[in-house]
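Hi everyone, thanks for making the time. I'd like to walk you through one model today, and please stop me whenever you want to look at something on the screen.

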Amino acid sequence: MMSTPVVFITGATSGFGRACAHRFASAGWALILTGRRQERLEDLKTDLKDSVPVYSAVLDVRDSQAVTAMINDLPPEFSDVTCLVNNAGLALGAGPAQEASLEDWHTVVDTNITGLLNVTHALLNTLIRVGRGAAIINISSTAALWPYPGSHVYGASKAFVNQFSYNLRCDLKGTGVRVTDIAPGMAETEFTLVRMKGDHQASDNLYSGVEPIQPEDIAEQVFYAATLPPHLNINRLEIMPVCQSWAGLAVDRE
């Protein structure tokens with residue numbers, strides 16, 4: 001068994017996931033990194049493997065059989081996962097629900113909800129075995145509680161993550177396993193580029209003239225939640241850049 005703590009990060013090839021890999025590596029944690037883009041995953045492993053033990057696997061979290069097989073095949077030295085960071089997720093489209101693609105809706109639900117469930121379920125017994133100090137950190141969104149036009153299924157999927165985190169924490173009472181929902185607001189990652197299906201101009205326009213959250217900002221909070229004294233749990237941490245706040249309620253006037 002490995003004496004150093006082990007973190008399992010989904011969606012590690014970009015954004016928050018990649019930043020989390022670097023943050024945990026800087027503290028000497030062993031890394032299990034998963035993502036769908038093999039070349040990026042290999043590049044990340046190359047960047048980090050000289051400083052900490054790294055195990056990487058190309059993985060689509062939507063595939064429950066692949067998730068279970070990958071976790072069952074972990075080398076013994078990576079088997080005691082101390083922290084799970086459920087980061088893999090996406091949004092597709094920003095138009096109103098009545099113009100949305102049903103296929104896009106299914107992709108968002110399958111990734112943000114089903115994928116998170118697949119990985120969590122496959123690792124629960126491991127985390128319970130590790131016990132006191134272990135943590136599940138789910139990356140949610142401010143959209144879980146604060147609706148906006150065009151969020152529809154994305155916001156609903158993140159509301160599921162929020163409530164699942166709370167209910168999971170209830171079930172894990174007495175095991176020592178912590179559960180945290182981290183909910184970022186506007187963040188400068190590939191999120192909008194993916195959402196707008198490669199439209200760089202739309203992504204650039206969103207971040208023009210603002211100072212959004214950076215991936216490293218969220219990685220720092222993830223690491224903080226994971227390394228609190230084992231008797232403490234952050235239930236939910238909502239983070240916005242100062243430039244972002246809530247809008248007033250919309251009114252349709254004739």
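Let me start with a small puzzle: where is the place of Glu188? You'll find Glu188 in the loop between S6 and H6. Before going on, a word of caution: what you see is a predicted model.

Back to Glu188, then. Its relative accessibility is 36%, so Glu188 counts as partly exposed. Setting aside neighbours within four places in sequence, Glu188 is in contact with Tyr207, Pro212, Ile213, Gln214 and Pro215. Take Ile213 from that list: Glu188 and Ile213 are 25 residues apart along the sequence, while their C-alpha atoms lie 6.1 Å apart in space.

There is a record to mention here too. The unreviewed UniProt entry carries the annotation "domain: Ketoreductase" for residues 5-189. Over that stretch, the chain is 44% helix and 17% strand, and the C-alpha atoms at its two ends are 27 Å apart.

Now to the sheet. Seven strands form an open sheet in the order S3-S2-S1-S4-S5-S6-S7, with parallel pairing. At the edges stand strand S3, residues 54-58, and S7; each has a single partner strand, so one side of each is left without a neighbour in the sheet. On average, neighbouring strands of this sheet are turned by 15° against each other, direction ignored.

Let's go through a few of those pairs. S1 and S2 pair in the parallel sense over four bridges, and Phe8 has Ile32 in S2 as its bridge partner. S1 is also joined to S4, again running parallel, by three bridges. There, Val7 stands opposite Cys83 in S4. One helix packs on the sheet: H4 touches S1, S4 and S5, and its direction makes about 175° with that of S4. Between S5 and S6 there are five bridges in the parallel sense, one place to look being Ile137, whose bridge partner in S6 is Thr180.

How covered are these strands? For S2, six of the six residues are buried, so S2 is largely enclosed by the rest of the structure. Ala30, Ile32 and Thr34 point one way from S2, while Leu31, Leu33 and Gly35 point the other way. S6 is mostly covered as well, with seven of its seven residues buried. From S6, Arg178, Thr180, Ile182 and Pro184 point one way, and Val179, Asp181 and Ala183 the other. If you like looking for polar residues in buried places, note that Arg178 and Asp181 are among the buried residues of S6.

On to the nonpolar packing. In soluble globular proteins, nonpolar side chains tend to be buried together. In this model, the largest nonpolar core has 32 residues, and Phe24, Leu31, Leu33, Cys83 and Val222 touch the most other members. Elements giving two or more residues to this core include S1, H1, S2, S4, S5 and helix H8, residues 215-226. Val222 is worth clicking on: beyond its neighbours within four places in sequence, Val222 is in contact with Cys20, Phe24, Val85, Ile137, Ile139 and Ile182. A second, separate core holds 28 residues, including Val61, Met70, Val81 and Ala88.

Two helices deserve a moment. Helix H1 covers residues 15-26, and at 1.5 Å a residue its twelve residues should span 16 Å; the end C-alpha atoms are 17 Å apart, which agrees. Its buried residues include Phe16, Cys20, Phe24 and Ala25. After H1 comes Gly28, with a positive phi near 90°.

Helix H5, residues 152-171, has 20 residues and reaches 29 Å from its first C-alpha to its last, close to the 28 Å expected. Among the buried residues of H5 are Tyr154, Lys158, Val161, Phe164 and Leu168. An α-helix has 3.6 residues a turn, so residues three or four places apart point the same way. What covers the buried residues of H5 includes H4, S5, S6, H6 and S7.

One last stop is Pro96, in the loop between S4 and H4. Pro96 has a relative accessible area of 30%, so Pro96 is partly exposed. Pro96 and Tyr148 are 52 residues apart in sequence, with 10.0 Å between their C-alpha atoms.

That's my tour. Thanks for listening, and I'm happy to take questions.

Conventions:
Residues numbered from 1 in each chain as written. Predicted model: local features only at pLDDT ≥ 70, side-chain atom pairs only at ≥ 80, totals over all residues. Heavy atoms only, no water. Expected span 1.5 Å × (residues − 1). Buried < 20%, exposed > 50% of the residue type's maximum accessible area, 1.4 Å probe, protein only. Contact = heavy atoms within 4.5 Å. Core = buried A, V, L, I, M, F, W, Y, C linked by side-chain atoms within 4.5 Å. UniProt positions renumbered as here; feature names shortened; annotations may be inferred. Pairing = 2+ DSSP bridges. Axes fitted to C-alpha atoms, helices over the stretch in contact; angles between N-to-C directions.
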